[in-house]
Every structure is written in C-alpha cells, then in structure tokens.
Amino acid sequence: MWPIKFEKIVSSGRALGKNCGKVVFCYGVLPGEVAEVKFVREKKDYIEAELVNVIEPSRFRILPKESHYLSCSPWQTIDYKYQIRLKADIIEEGIFQTVRKDIKLDSFYKAYNIYGYRTKIEYRLENTCSKLKYAFYKRGTKDLVLLENGCKLVDDKVNYIAYSFLDYLNSLDVGKEALEKIVFRKSTNGQVLGIIYLKNKIDIDIVMVPEIEDLAGLIVIADNNKKVYGRDFIEQDLLGTKIKYGYDCFFQNNIELFSKALEIVRNEINNVGKIVDLYSGVGSIGLSLRDSASKVYLVESFKNSYLYSVKNIRSLNANNVISIFSSSERVSEDILKESDVVILDPPRDGIKKIVLDKLLKILPEKIVYLSCNPVTLGRDLSFLLKKYSLKKIYGFDFFPNTVHAEVLAFLEK
C-alpha cells in the first residue's frame, strides 16, 4: 500500500500520479487527492493501481450512488459541474496531442440526466447460493462484481424488467454455465428488448418467453442459431423522424443529447445538393437530414444495420435517400464526388487513412465529424486541416459519470 498524490485525470479516465519517478494510474481518484493505492500491474513505463483509501479528498468529491461504480461509471464520485470542466479539458488536450494547436470548444452541452440515460446495458451472470445474479466485470479484469439492484445508468423500467427476467431464469433452474451474457435495449417510448446469449452448443429451447410487462421482445442466441419471441427491433423517435434498429445494430446511448447534436447539424446544413453519410448505421443522421438535401447517400458495412437503413428509407418514403452496403474504406469515389457535405461518425479508432486520402482528393465542400474519441479525432483533424478550416466544435456529455464524451466538428474548405 502506497500513499500517492495524483495530479490530473488523463484521457482513459484514470488519475495520474508518480511514485519514485514512475507514473501511476488509478481509477476513482480525483486531481489533487492523496490516496492510498495498491499496485496491481507494473509495466516498464508505468504502474496500474487500485484505490484503497482516500487520505486527502478533493472538495469536488461526492459519494457514489452504487457500490459497483468503478465497474460501470467511475466518475460517480465527482461533482457533476467539475466533471464537465474535466471533460472539456480532456477533449481539448486529446485534440492538441496530434493537431498541436490550441483548439477550444465553442460550447459543451451537459447531460439532461446523469443517471438512467443509457439505452443499452450488458449483464454478466454469477451463481451465488444456487441462484443467478447479475454482475459486471471488475474494470480491467475478468473478475466479476455482483450487482445489488441493477445499475443506475439505465432507468427503473429496464432494471425492473431485468430482475423480473432474472427471477424467471432462476425458476427454470438455468445455470450460469449455459449463459454468456444478457443485454437489454430500450427506446425513450418504453420499448424494451432482452437479448440472451447462450454458450455454444447449448439447447436454444431452454429459454422461452416470460410474461413480463413492457418486454416487447426476447431474442435467444446460441452458436449462430437465433429464436425471436415478439419483436427483434426497436423504434426510436429522433426530432420527428421514426428510426427502427435491430437488436444487434449500433445506436447512440443518450437519445436526448444525440437529438441535440442532430438539431445543431440540421441548423448548420440547409438546402444543399448532396450529402454522403459514411459509417451511417441504420441511417439516423442521414435520414434526419433528408429534408436539407436533394440527395442523401448512406454507407454502411454491417449487414443488419444496412438492412434496417433500407427499411427506414421505405417506411419514411424518403425517396431522395439511397443506402449502399459497403465499408467506408471501399466506397466508390463516384459516390463521394460532388458532395456538398460528408458526415463522419466512425467507431472509437477513427477514420482509416484511405478514407481521409479520398476526402482530401475529392474535397467535399463541408465535413461534419461526430467523434467519441478526442485523440483519434485530433489525429484525423491533423490530416483534414491541411485543406479544411475548423469552423465550429462542440462537446456533448453523452456518458455522464464516465470519462467518455462526444465531439462534433464542422469543417469547410
């Protein structure tokens, strides 16, 4: 056990301190705090530690809502106003690391709700006293942490359905050895799906649909086999546009702030000819912009997301929207040519260089980049800013009580 003074929080969400000149990283500690920690992993250049006790607490420290907070949202101990300050700093520092310019956010939009905001949650399972209980992985390990009453990052309805379903599984005497994980997804209109992932070669018929109020559908999956009871999709309203997405499709977790980001994009883009939405998923961004352009192209590589984008186009009678089944890296240059706006909403590892090269060759008039990782955003901006100017940049706290945030950047030639 070692008492260490921690200086700041870095992009991973961990506090950084030093011990005998060597960097120490630890979750659950605030900048300026002196904490007693236990070293759990020592590398050549740094040490990973676990918090044991806070000796000198920060004035911004608050009590967490949950005992398992380090597994799901390790910033529960940080006053929310201070969280916003830290996130804005982390975003600006993450961009600076690669762009090497001081770029300040025009605005940072805080969350409407700091608990109950997630539309998706994933539970592992553990056997205790011959009963299944929900668990999360202990951060950075494969050890399980038992949950007392679900998780406060989802709302009461999801927790109620999750525990009603757990009671049902216990009544069937389904053991932990049969279950890999259980996922729950919901829309803001109250639809909830349950997705059960069974271990390979387990009989898919061991689980039937229980009678639980507001459980709109149950999907049971094992070894590439699937059974669906009720619905296998969710419908979500986004600024008046109804978007359907499948149980396995990506969709943003914070609907209120995602809607705010879409509103800002719509206000920035009016009466353009052609929009190309790369990494388009089920079409949530591109379809919300369909009235702002003569033509919208959606480009998506995950098959089920592409199929739902086609369904959404049909159900909305969006005759000016075309969906293309392709990775953004392989999409034809002809699709990108003469585009007025290109939308980028990539995964955390950012844009592949082949896509950046195409954009710098074709030079669409505007680029809108929604990022969940300021470091990879900064890396990509360092390429794009060779021929583009950064006009506006905003932060959004899509994930309160965690280090994560979204960044929305507008670039013009």
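# A guided tour, starting at Glu338

Select Glu338 to begin. Glu338 is exposed because its relative accessible area is 75%, and the cut-off for exposed is over 50%. Keep in mind that this is a predicted model. Glu338 sits in the loop between helix H7 (333-336) and strand E19 (341-344). Check its backbone too. Glu338 is not a glycine, yet its phi is positive, at about 60 degrees.

**Next stop: Tyr279**

Now select Tyr279. This residue is in the loop between strand E16 (272-278) and helix H5 (284-288). Its phi is also a positive value, near 55 degrees, and Tyr279 is a residue other than glycine. Is Tyr279 buried or exposed? Tyr279 counts as buried, because its relative accessibility is 16% and buried means under 20%.

**Into a helix: Ile95**

Go to helix H2, residues 80-99, and pick out Ile95. Ile95 counts as buried because its relative accessibility is 0%. Which residues does Ile95 touch, leaving aside those up to four places away in sequence? Select Arg100, Ile103, Pro374, Leu377, Gly378, Leu381 and Ile393. Then add Val10. Val10 and Ile95 are 85 residues apart along the chain, and their C-alpha atoms are separated by 13 Å.

**The cysteines**

Show the cysteine sulfurs. How many disulfides does the structure hold? The count is zero. Cys151 is therefore in no disulfide: its nearest cysteine sulfur, in Cys72, is 3.8 Å away, while a disulfide needs two cysteine sulfur atoms within 2.5 Å. Cys151 is buried, with a relative accessible area of 1%. Now jump to Cys129. Cys129 counts as exposed, at 75% relative accessibility.

**The nonpolar cores**

Select Tyr123, Tyr134, Phe165, Phe184, Leu278 and Leu408. These have the most contacts inside the largest nonpolar core, which has 117 residues. A second, separate core has 19 residues, including Val37, Ile47, Ala49 and Tyr82.

**Two cavities**

The structure holds two cavities of 30 Å³ or more. The largest has a volume of about 50 Å³. To see its lining, select Phe258, Ala261, Leu262, Val265, Ile285, Ile343, Val368, Leu370 and Leu408. Two elements give two or more residues to this lining: helix H4 (255-268) and strand E20 (366-371). The largest share, four residues, comes from H4. Colour the lining of the largest cavity by class: nine residues are nonpolar, none polar and none charged.

Move to the second largest cavity, with a volume of about 30 Å³. Its lining is Ile9, Gly13, Gly28, Val29, Leu30, Pro74, Trp75, Thr77 and Ile78. By class, that lining has six nonpolar, three polar and no charged residues.

**Last stop: a pocket**

Finish at the second largest pocket, with a volume of about 440 Å³. Which residues lie nearest its centre? Select Tyr27, Ala49, Glu50, Lys138 and Arg139, out of 21 that line the pocket. You met Ala49 earlier, in the second nonpolar core.

Now show strand E3 (22-26), strand E4 (34-42), strand E5 (46-56) and helix H1 (69-72). Each supplies at least two residues of the lining of this pocket. E5 gives the largest share, five residues. Colour the lining of the second largest pocket by class to end the tour: nine nonpolar, five polar and seven charged residues.

Definitions and conventions. Residues numbered from 1 in each chain as written. Predicted model: local features only at pLDDT ≥ 70, side-chain atom pairs only at ≥ 80, totals over all residues. Heavy atoms only, no water. Buried < 20%, exposed > 50% of the residue type's maximum accessible area, 1.4 Å probe, protein only. Contact = heavy atoms within 4.5 Å. 1 Å grid on protein atoms, 1.4 Å probe; cavity = no way out; pocket = protein on both sides within 12 Å on 5 of 7 lines; lining within 4 Å. Points joined across faces, edges and corners; volume = space filled by probe spheres on them. Nonpolar A, V, L, I, M, F, W, Y, C, P; charged D, E, K, R; others polar. Core = buried A, V, L, I, M, F, W, Y, C linked by side-chain atoms within 4.5 Å.
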